[in-house]
Protein chains: 2
Amino acid sequence: MKNCDCELCDLKNLFYSRLDPEAVLTYCSGKVEKEYAKGEVIIKEGSFINDFIYLKSGLVKLFHTDNQQKEQIISIAKPFDYVSLLSVFSNKEYNYSVTALEDTVTCNLDLQQIKLLVMENGNYAMGLIEKMSAVTDKILLETVEIRKKHLRGRVAHLLIYFYEQIYHRKEYDLPLSRKEIGEYIGMTTENVIRTLSEFRKDKILSITGKTIEIRDSETLKSISSFG
Amino acid sequence: MKNCDCELCDLKNLFYSRLDPEAVLTYCSGKVEKEYAKGEVIIKEGSFINDFIYLKSGLVKLFHTDNQQKEQIISIAKPFDYVSLLSVFSNKEYNYSVTALEDTVTCNLDLQQIKLLVMENGNYAMGLIEKMSAVTDKILLETVEIRKKHLRGRVAHLLIYFYEQIYHRKEYDLPLSRKEIGEYIGMTTENVIRTLSEFRKDKILSITGKTIEIRDSETLKSISSFG
DNA sequence: CGCGGCTTTGATGTTCATCAAGTAAAGTGG
DNA sequence: CCACTTTACTTGATGAACATCAAAGCCGCG
């Protein structure tokens, strides 16, 4: 935990572009950077919302835990993608949890300070609104997209997502366990594994533990589209 | 289509409570009220976003149409519940459609004017952000809730929703066709019908066309919770 | 080393989509 | 207003998709 050097922060433009330099300095003083190892809890469902949090680097999952302790992943978020833009302005407590899928760094600001900023600075408010709107849209469209597919299509979709949106290469380590994949796309662990095995048999993938290599991305894409 | 008398508008408090009276008058001048009959299209996916629209009365569905012309309902919204809070600040075009499930009245404001208002008035901006946050939360939690249930549980959940959230009585006319129910909860029309028929046989419901009467709400609720 | 969690595969049964076919209701044009 | 067409609704039969149960191998970690 340390103060963040806002001048160097990659995310400066996201939230501060609409502020003049002195204002940045003022508000930056309350900013704290936190590091999380893979697997660590960043936000626990039910806890009080005090901070405004955004991702500086890494990858996280947002998930909801139901009364039977089953987890459902709502979204996977990378830097710029998300932040605590969902409940923070309407609830006192989080109704979802966030944990790190990879080593992750967050920048945390005091929520009250953000609210003051919104009140005082129209440009900043507008930027925040646009960001919220974009994030929400993305999550909802992604949900709709997954919902209409069958098992094979969902798995294919997710693999393509990691390839094209996150890692930008065909070989990568899955940041999710088989169980978590199931929790995201709404199916059992066993069937996730079975589907992956089928893709392996069909020479679409090579699989070594968590390491995935997409060998036939065209076929995978067509499964994602039509399955 | 006529000018809206903002003094009398039920929704005044929702968006204008944070403005002083003179400001209300100024911004109200650009406001237009529109009436839609049941079934009419309010927003067509792909059309340009010019207005900021909210529901004054009635009931609407938000839905996405995929490349195979199949519709998926994202959300059902009643007054105060929604309105064009999703894409409007991040997109040029709507990526969902909205149609009236019942006779509906909307109030439409010029989006540019709303943006100006956000820029100039921090209180207003904050109110808008809170509203967006709440709406988004609600839709996402509802989606998660439905996703984890089986067929019977989903249908039960929807029936309970109409009973408790919309009509506040156990006998009501379904605002959705069987097909639309399927599009909302992600199953085929036939199975929606079958499930309703089962509930009828089990004396949980009386069904006469679109008219539903919940005869055993306790059982229905437990099916909704555990199914 | 052994325990617990993650992974894998197979066998089995349930849930659900699809196909087919018919009835009822609702809109349409003469 | 009636024949006609279309759309919504309903039920049954069938098979595909998927969950569940069971068993075993693997791996990391105390």
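Let me start with the DNA, at strand C, where 18 residues surround the strand and the closest of them are Ser177(A), Arg178(A), Ser197(A), His150(B) and Leu151(B). Please keep in mind throughout that this is a predicted model.

If we ask which elements build that surface, at least two residues each come from α6, residues 178–185, and α7 of chain A, and likewise from α5, residues 151–167, and α7 of chain B. The largest share belongs to α7(A), which contributes 6 residues to the surface near DNA strand C. Sorted by class, the residues of this surface are 5 nonpolar, 7 polar and 6 charged.

Turning now to strand D, we find 17 residues around it, and here the closest are His150(A), Leu151(A), Ser177(B), Arg178(B) and Ser197(B). The elements that each supply at least two residues near DNA strand D are α7 of chain A, residues 189–201, together with α6, residues 178–185, and α7, residues 189–201, of chain B. It is α7(B) that gives the most to this surface, again with 6 residues, and the classes come out as 5 nonpolar, 6 polar and 6 charged.

How, then, are the two protein chains related? Chain B can be laid on chain A by a turn of 180 degrees with a shift of 0.0 Å along the axis, and the RMSD is 0.0 Å; that is the relation of a two-fold axis. The same surface serves both copies, in that 100% of the contact residues of chain B recur in chain A.

Let me stay for a moment with the two helices of chain B that we met at strand D, α6(B) and α7(B). They pack with their axes 8 Å apart and at an angle of about 105 degrees, which makes α6(B) roughly perpendicular to α7(B). On the side of α6(B), the contact is made by Arg178(B), Lys179(B), Ile181(B) and Gly182(B), and these meet Thr189(B), Val192(B) and Ile193(B) of α7(B). By class, this contact has 3 nonpolar, 2 polar and 2 charged residues. Arg178(B) therefore appears twice in this account, in the contact between α6(B) and α7(B) and among the closest residues to DNA strand D.

Finally, a word on the strands of chain A. Strand β7, residues 97–100, runs antiparallel to β3, residues 41–43, and 2 bridges join them, with Val41(A) standing opposite Thr99(A). Strand β7(A) also pairs in the antiparallel sense with β5, residues 60–65, over 4 bridges, and there Val60(A) stands opposite Ala100(A).

Notes:
Residues numbered from 1 in each chain as written. Chains lettered and ligands numbered in written order. Predicted model: local features only at pLDDT ≥ 70, side-chain atom pairs only at ≥ 80, totals over all residues. Least-squares fit on C-alpha atoms with pLDDT ≥ 70 in both. Contact = placed C-beta atoms within 7 Å. Pairing = 2+ DSSP bridges. Near = placed C-beta within 6 Å. Nonpolar A, V, L, I, M, F, W, Y, C, P; charged D, E, K, R; others polar. Axes fitted to C-alpha atoms, helices over the stretch in contact; angles between N-to-C directions. Parallel < 35°, antiparallel > 145°, perpendicular 65-115°, else oblique.
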